[in-house]
Number of protein chains: 2
Amino acid sequence: MRLSRYLLPLMKESPADAQIVSHKLMLRAGLVRQTAAGIYAWLPLGLKVLRNIERIVREEQDRSGAVEILMPTMQSAELWRQSGRYDAYGPEMLRITDRHDREMLFGPTNEEMVTSLFRDAARSYRDLPRTLYHIQWKFRDEVRPRFGVMRGREFLMKDAYSFDMDEAGARHSYNRMFVAYLRTFARMGLRAIPMQADTGPIGGDLSHEFIVLAPTGESDVFYHANWDASAEPAEVDFDDAAALQGVVDGYTQDYAATDEKRDEAREAAAGNALRQSRGVEVGHIFYFGTKYSASMGLAVQGTDGTRVNPHMGSYGIGVSRLVGAIIEASHDDRGIIWPDAVAPYAVGLINMRVDDAGCTAAADDLYARLQAAGIETLYDDRDERGGAKFATMDLVGVPWQIVIGPKGIEKGVVELKRRATGEKVELSADDALARVRG
Amino acid sequence: MRLSRYLLPLMKESPADAQIVSHKLMLRAGLVRQTAAGIYAWLPLGLKVLRNIERIVREEQDRSGAVEILMPTMQSAELWRQSGRYDAYGPEMLRITDRHDREMLFGPTNEEMVTSLFRDAARSYRDLPRTLYHIQWKFRDEVRPRFGVMRGREFLMKDAYSFDMDEAGARHSYNRMFVAYLRTFARMGLRAIPMQADTGPIGGDLSHEFIVLAPTGESDVFYHANWDASAEPAEVDFDDAAALQGVVDGYTQDYAATDEKRDEAREAAAGNALRQSRGVEVGHIFYFGTKYSASMGLAVQGTDGTRVNPHMGSYGIGVSRLVGAIIEASHDDRGIIWPDAVAPYAVGLINMRVDDAGCTAAADDLYARLQAAGIETLYDDRDERGGAKFATMDLVGVPWQIVIGPKGIEKGVVELKRRATGEKVELSADDALARVRG
């Protein structure tokens, strides 16, 4: 993409109400603009990151066996009356009356709707197990929206819902998501640690929050040093319940807790291996038994002919929140440092002198070759000073920068810079192309 | 995808309120389910079609030079007061009050918001021209929603907005979209005819509706027979304003009109070449000058230093409506006939006898090879009668069917059927794979 044809409005200073680094950088680098309190428009660069995150989430959901659907944003109050949650849900629910005075709401979550869809679709044990997911905009009317997309009112969420014949099946479905989440966050360059969370009235151990470590994160987290050495789960057969349980057991044996759930005994046991960091919650998985199937009349025929209320779980990932979380985890004082997997462009190509025919010919040629190689490139072809162009590329955080200037042209070289390390090398355009191709 | 792990709830009979064929077939084939009046959940098969349509729309918008953003669904009333439309817009606008008693609305369209975003981002003539588009859910509170996704309340729309320094520039931007639309619909297997539409108070000739011909479409259309022979626009340089104008002139010289805009003189001139059909509106493009830039204070510095209100246009495609429109254009009494480009799966693989080890081994093997070849396959591995499986594949309209049964196994052949023509051939699994690979 040529910057001369793009929409990339930068800000020199971020507004005073932007308190955290990801909020500041998303505004300064032209990723988003606020259009109302806690509501954001995604500008081209931000949208590309959002879509990359969404794609990784989708691929790992599919790999785990979940099936994608798409539920609407608007829901009828009637649906929520069936579960009893319409009156119980607080003022975060945006309640709406349509032109025929029907009570509606902008969905903050979809347990009721997916239970109702599955109630109409499933007849017997042969239709189970199933995990359905969707990636859709949600609305929660936060009393005090802040931190940019990290705690906005309209946000993009992946929510999945599992249906099983019994608790053992539900545990298998839960473990599928547990492993899918570890893979998802690792692919984005994040270190995510699952931490046991409140399960509410159902009890048991089937609820985890996934917290990514980020130096400027929202909350304190405490964990065993083994987590620093842990790797992303290897390829695993998601259909093999026993193997999957083994993977989950392996990951949950080491201590990790948020500030509210600290365990003095386990921290003492960890001793010198106890680590403290800050973190951002990016996912939450939860088993809730027959809460919705029983209250909403979802029952299927069991193998013995009796009617069974399926056991359910729900599994959320904050897709738009992850854009902020990744920035919290990966930035420096010059701007964002995108992990390769989610970067809006792989390469930033800088033409130092658009008024120099040789520079421009060389830059245009390399741009064409990068495009032909399928390498997404942000090409700064504007008539601006070199210093401004360097600052822009550092701010927007594209992983590789290639600089073409008159002196290099004379020597037959370009400059290749890795944003994360700052390492710079001079090499031929051919070699630069080979390096960024990886 | 194995049907034994999918969510494909079929209906034998469609509900009485489903009047048109696309609505009936979308319910019967398990593409969507209504969750409230005029609001639908997209089940897996329907979502795949919707995403394919969205992808083609996106690719052609990008090719024409438009830049993708994503605006939120919720908008503040304040924005619409700036243009004067908040009070003017009728009861189709879903008005909402948030917890702080601020007036909000679920966006039915985005002229105000995009004008506001561009107002903050653009400073001078160097920042123009730009065309921004997004693909986002909209809400229009239809008094009587009907025809399924063809006239629903929550619907997915691609809307683009162009910003130019003058009317000549705006005409170029308009022509980019005109040609992009012809390419978009042609790629979906549709014959779309642009028909001059009302321009409102601005006047001029810069407004067209795009109507696709469909035997069971919603309205009557009249056109010159030349349209039946017209081809999709060849590769064109979108930056070449004169060439683009030539393409548009070529396409608009032949008569075509909706029922409300018939021209007796031109119909008489067409004589025997006059054709009548039914059609479905799938796109609308529109130039509206400085209506929003002037009322909302969007002005940039011109080349001579004066402040200029950019000339704007807006360009819509009904993405979710297209799912219905394609079915109206392509179906028979057994079900949907998906054009290859938008089909949810390329191949439907039927195992006639899951209790026959030879059949199942052969079907599993071919399924694995289809997947390895990147051919999206819906694999009916359920324990059902062959007749039910044939009827299901015909109903859901997958372009190719491959049937594996015991007799074929003995002879070393499978049956390959083309859904659109009904043509069946027996051939080896290798040859079937080569045929569907195309």
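Six salt bridges are counted between chain B and chain A in this predicted model. One of the salt bridges joins the side chains of Arg153(A) and Asp98(B), with a distance of 2.8 Å from N to O. Polar contacts were also examined across the interface of chain B and chain A, where 22 residue pairs, both at pLDDT 80 or more, satisfy the rule. On the side of chain B that touches chain A, the most residues come from strand β7 of chain B (residues 130-139), which gives five. By residue class, this side of chain B is made up of 33 nonpolar, 18 charged and seven polar residues.

The extent of the interface was described by its contacts and by its buried area. In chain B, 58 residues are in contact with chain A, and in chain A 58 residues take part in this contact. The size of an interface is often given as the accessible area lost when the parts come together. Between chain B and chain A, the buried area is about 4700 Å². Carbon and sulfur atoms give 60% of this area.

The arrangement of the two chains was examined by superposition. A turn of 180° with a shift of 0.0 Å along the axis lays chain B on chain A with an RMSD of 0.0 Å. The two copies are therefore related as by a two-fold rotation axis. Among the residues of chain B, the closest to the rotation axis is Ile96(B), whose C-alpha lies at 2.9 Å. Both copies use the same surface, and 100% of the contact residues of chain B recur in chain A.

How values were computed
Residues numbered from 1 in each chain as written. Chains lettered and ligands numbered in written order. Predicted model: local features only at pLDDT ≥ 70, side-chain atom pairs only at ≥ 80, totals over all residues. Heavy atoms only, no water. Contact = heavy atoms within 4.5 Å. Buried area = accessible area lost by both parts, 1.4 Å probe. Salt bridge = Lys/Arg side-chain N within 4 Å of Asp/Glu carboxyl O. Polar contact = N/O pair within 3.5 Å; in protein donor to acceptor, adjacent residues only side chain to side chain. Helix = DSSP H or I, 4+ residues; strand = E, 2+ residues; numbered from the N terminus. Nonpolar A, V, L, I, M, F, W, Y, C, P; charged D, E, K, R; others polar. Least-squares fit on C-alpha atoms with pLDDT ≥ 70 in both.
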